[in-house]
Structure formats: C-alpha cells, structure tokens
Amino acid sequence: MKQKDGSVSRRDFIKTTGAAAALAGIASAGLLAGARKAEAAPLPEKWDEELDVAVFGTGFAGLAAAIEAHKAGAKTAVFEKMKLLGGNSAINGGVMAAAGSEWQKKAGTKDSPELLLQDMLKAGLHLNHVDLAKIVAEQSAPVADWLVKDLGVEFLDTPIMMGGHSVPRSLVIKGVSGFGVVKKELDKLKELGVPIRKETFLTRLHQDESGRVVGVQVREGYKFPDAESGQIKNIKVKKGVVVATGGFSRDLMLRSMQDPRLDEEVDSTNHPGATGEALCYMLDCGAAPVQLSWIQLGPWASPDEKGFGLAPHFATQAFIHGLLVDPKTGKRIINELGDRKVRADAILKTEHPCVIFAREEVFYNAQGVSLDKIVEKGVAKKFATLEELAAAYEIPVDALKEEVAKYNKFMAAGVDEDFGKPFMPEVKPLEQGPFAACRLWPKVHHTMGGALINKDAQVLDLYSKPIPGLYAAGEVTGGIHGACRLGSVAVSECLIFGRIAGQQAAKA
C-alpha cells in the first residue's frame, strides 16, 4: 500500500510477531527461553536468477561492499529502489573522520585512533558497542587512504574541526559533497562490470528451514513510493545478501513509533527514500534490534529551507568562529563545538529557532559553498553591524553586545568560562562587522539504531548468533554510535563496514 510519507505498508511486518515484537521492545519469557526458529515462508519453486552476492543500497556502504565482493571473485549485483543512485551519501556534507591521517600530520595535528574512540564514546554516552566503534576508529585513516589510492578520491589539504571532536580530523572531500566519493565508487563498479539495477525494491528475504538467508524477492520497475508497482522477481543468492539501505529518518511511522515527538511537523535532512522497509525485513528474519529510539537531530539545520539544504555549510564555519544565541535573550545557550545531541537539545529547549552568527569573512567559500549563494537562497543574511543583526532577528541589542564582549574576553584569555568551547588558532574576536547570520532549528538527520552486527558485518539474532547469509553495513545497523553520532564519522563507518560486509559475504 502506498504511504504518504513514502514508506510501504507494513503488512508483512505487522503480521509477523518477530519484527513487531522487536520494534515494540517486547520479548516474552518463551522467546528468550530458547533460540527463535525462523518462520520462513515457502521458498519459490523456481528462481528467476542466481547470484553469489546481492547488495541492496547505493550509498557509501553498499557500493564499497559491491566493490569488495566482486574483487573477491563473487558474482555480484547492486540493487537500488530509487530512480537516483547514492541515497543520503550523495547529498552528504562531504566530510569524513580520519584519525592519525597523513593530512593531519602535514598540518601538525597530533591524533590517534584511541582519541577518536574516546570522543565517540563520550558523545555516545558510552552506549556504543565498543568492539565495533574501535574498528571504525582504527580503520578511519586507512579507509581514507583506500579512497585516494584505489578510487582516486580527492580531499582538501587541511582537516577541519567538527563538534565533539578533540582535534581537527575531518577530511573535506573535494566538491564538499559525498557525491565526490559515490561517483568514484560508481566509476569503479562500472570498470569492474558490476551491474547496478535502479528502481528495484527489496520486498522479502527468503530463509530456508535452517534460518539461512538464501535469496531475495524484489520488485523490478518499482516506482517510489508505490509499493505495489513493478514486477515480482525471486533471486537465489548463494553466498550472502548485504543490506546497506540506510536509516529510517523519512519513515514517519517507524521513527514516531520510537520517538513520538518526531511527528509530521518535524522535517528531515534525508532523501525521500530513507525509509525502513529493509530493516523490518531483517528483524522479521530474527535480527536483534539495537537502540532504535536513539534518533539524531542535526543542530545545523535551518527552518528557512527544506531538507538538508545549505545551512549546514554555513553553520559548520559559524560554530567554529561565532556564537549561537537565543534571540529572546541575546545570550549564548551552549558550547558551539559540542556534539550534535548537546547542541540540538539546547536549541530545542528554547522552543524556537536560535541564531548563529560570525564575521562575514569566514564564510566565503565555506566548505566550498559561497556565502552569496546561501544568502541568495534566503537561508542566511548579511549585516554591517551588530545593531542591524539584532534588529533583524528581534534580539535585545544591549544583551547581545554584552554577550559578544564577554565572548571576546574569553577568547583573549583562551578559556570559555561559560561553556568550555575550544578556541581554534585561526579564530578572531567578534569586534567589528560585517557579520552574517542564520536561523537554526534541528531536523531528523540520523538513526543511530538498527540491526545488530558483529565485527565481520554479520547480522546477529537476539542471542548474538549470526544469521547465515545475511550481512549489513551503514546506517541500517546499530550500536556503533550509541546515543549520538559525531559528525563525519558515519562516512568512515559506512565505507569500513561496507568493505568488510562485501569481503565476508563473498567467502560465506
């Protein structure tokens, strides 16, 4: 059935107690007393096609998985339900964490995987599955090298500082968009001869009597969001299915089930196809759900545009160089370089959009996007003086001036006595205009929860046992980030576990 939010009907999901109970957080004594036996539907009498590895999703993780599976000798195909390839990865802000990288060494920045891991655990409120988070931290620099050496991805010379990180470690992809990686992955798959089938929608994971995933049912010629469109086809998968379909930020039913506050009034930065059907199918196969209710809001989003937009490019620079204030009081509300949850929660607490601003000069070609373009779109505004800025946003001007003076004093002393913001060496006092400002209001950005996996990207059941033939990577999985994902870490995570999933599936 077609849904208004773009998600499909949960007919199969609701009528199967495995997935329904998992999402509701219900586990009966009987279920926990012994291993869950898969209630598999009858397998097709005849398969329409055979593959070694089937990969679902064309973001960072899925494409990386397909590259590795093919290189390992597996007959591989990639499936994408949307008309456009890349998913959220293609509209990603274009930064990825790489701890201890060569770029940091050239910039004179000391860093290590251990420090990145500690930052991840702090932001995640130590709810992270440490064994998985450690892999991300340790492989973050090597995967950046892989992008450059194997795929020809280009990064800007100097890593940037992002909220929640101890040091500047986020590499900026040339073009300041995740498409800079997606395009190179697609080029590699074309070179390797791996087929990518668009508008092909996963509708079932086939399990045999033992519980092994042995194939998939898809709808070819699917037209999003019509769940009844396309022709049904059953594909036998001899080695492994890799699910890399992303999160469920655009799935109103699923996200509001986990957090009732995230209703239709709350926008999302994600592409329209970020719905959770594939996650539900994995849960129906017995996959263990992890931290589904931890849903991250992007603190750099603006109410003055739809979706991801341009505000994040503006805010990334403004958080480093400027102040975030409550327009009702003119006072700062948080450490502008705190993690995403801290900043989003602080803005939400005011119950209205807040204002971020800094000196105009810091925004020119900020992350490759010109300030003039952001202003032209009506997202940001320019002001000659603080008085003009205060008048435009109805901020008490005397309170604002007092706050700026105090902030400058903290900067001169090198210590933010109010919120503990670290001052980067390039930051200058906010003494004179011109200034640029933007309104911020959080939007649903990332779903930290998903299916549980192990270090080999195998999907695990409620007893931490692998479900044979089923692998997953990226935002459709859970546990790596805990309560809050640090900015730029997801790109690294998706690539790292995507590669692992492809390698492991190919030799299953």
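In this predicted model, alanine 90 touches Leu85, Ser177, Gly178, Phe179 and Val182, leaving aside residues up to four places away in sequence. Alanine 90 belongs to helix 5, which spans residues 87–91. With a relative accessible area of 15%, alanine 90 falls under the 20% cut-off and therefore counts as buried. Its C-alpha atom is separated by 29 Å from that of alanine 346, a residue 256 places away along the chain.

Strand 2, residues 76–79, offers a good place to look at pairing and burial together. Strand 1 (residues 49–56) runs parallel to strand 2, and four bridges join the two. Within this pairing, valine 53 stands opposite threonine 76 of strand 2. Strand 2 is also joined by two bridges to strand 5 (residues 196–197), again in a parallel arrangement. Here phenylalanine 79 has arginine 197 of strand 5 as its bridge partner. Both faces of strand 2 are covered: Thr76 and Val78 are buried on one side, and Ala77 and Phe79 are buried on the other. Helix 4 (residues 60–71) completes the picture, forming a right-handed β-α-β unit with strand 1 and strand 2.

Another part of the chain holds an open sheet of five strands with antiparallel pairing, in the order 12-11-13-15-14. Strand 12 (331–332) and strand 14 (380–383) are the edge strands, each pairing on one side only. Inside the sheet, six bridges link strand 13 (residues 354–359) to strand 15 (residues 435–440), and these two strands run antiparallel. Opposite isoleucine 356 stands cysteine 438 of strand 15. As a general reminder, the strands of a sheet pair through backbone hydrogen bonds, whether parallel or antiparallel. Helix 12 (residues 311–321) lies across strand 11 (323–326), strand 13, strand 14 and strand 15, and runs at about 115 degrees to strand 15.

A final stop is threonine 477, found in the loop between strand 19 (466–472) and helix 17 (489–506). Despite this loop position, threonine 477 is buried, because its relative accessible area of 3% lies under the 20% cut-off. A polar atom of the threonine 477 side chain lies 2.6 Å from the backbone oxygen of glycine 474. Leaving out residues up to four places away in sequence, threonine 477 touches Met448, Gly449, Gly450, Ala451, Ile453, Ala472 and Glu493.

Conventions: Residues are numbered from 1 along each chain as its sequence is written. This is a predicted model: local features need pLDDT of at least 70, side-chain atom pairs count only at pLDDT 80 or more; totals for chains, interfaces and linings use all residues. Side-chain values use heavy atoms; hydrogens and water are left out. Buried means under 20% relative accessible area, exposed over 50%, partly exposed in between (1.4 Å probe, protein chains only). Two strands pair if DSSP finds at least two bridges between them. A crossover is right-handed if, with the strands pointing away from the viewer, the path from the first strand over the helix to the second runs clockwise. Contact means heavy atoms within 4.5 Å. Axes are lines fitted to C-alpha atoms, for helices over the stretch in contact, and angles run from 0 to 180 degrees between N-to-C directions. A polar contact is a pair of N or O atoms within 3.5 Å; within protein, one must be able to donate a hydrogen and the other to accept it, and residues adjacent in sequence count only if both atoms are side-chain atoms.
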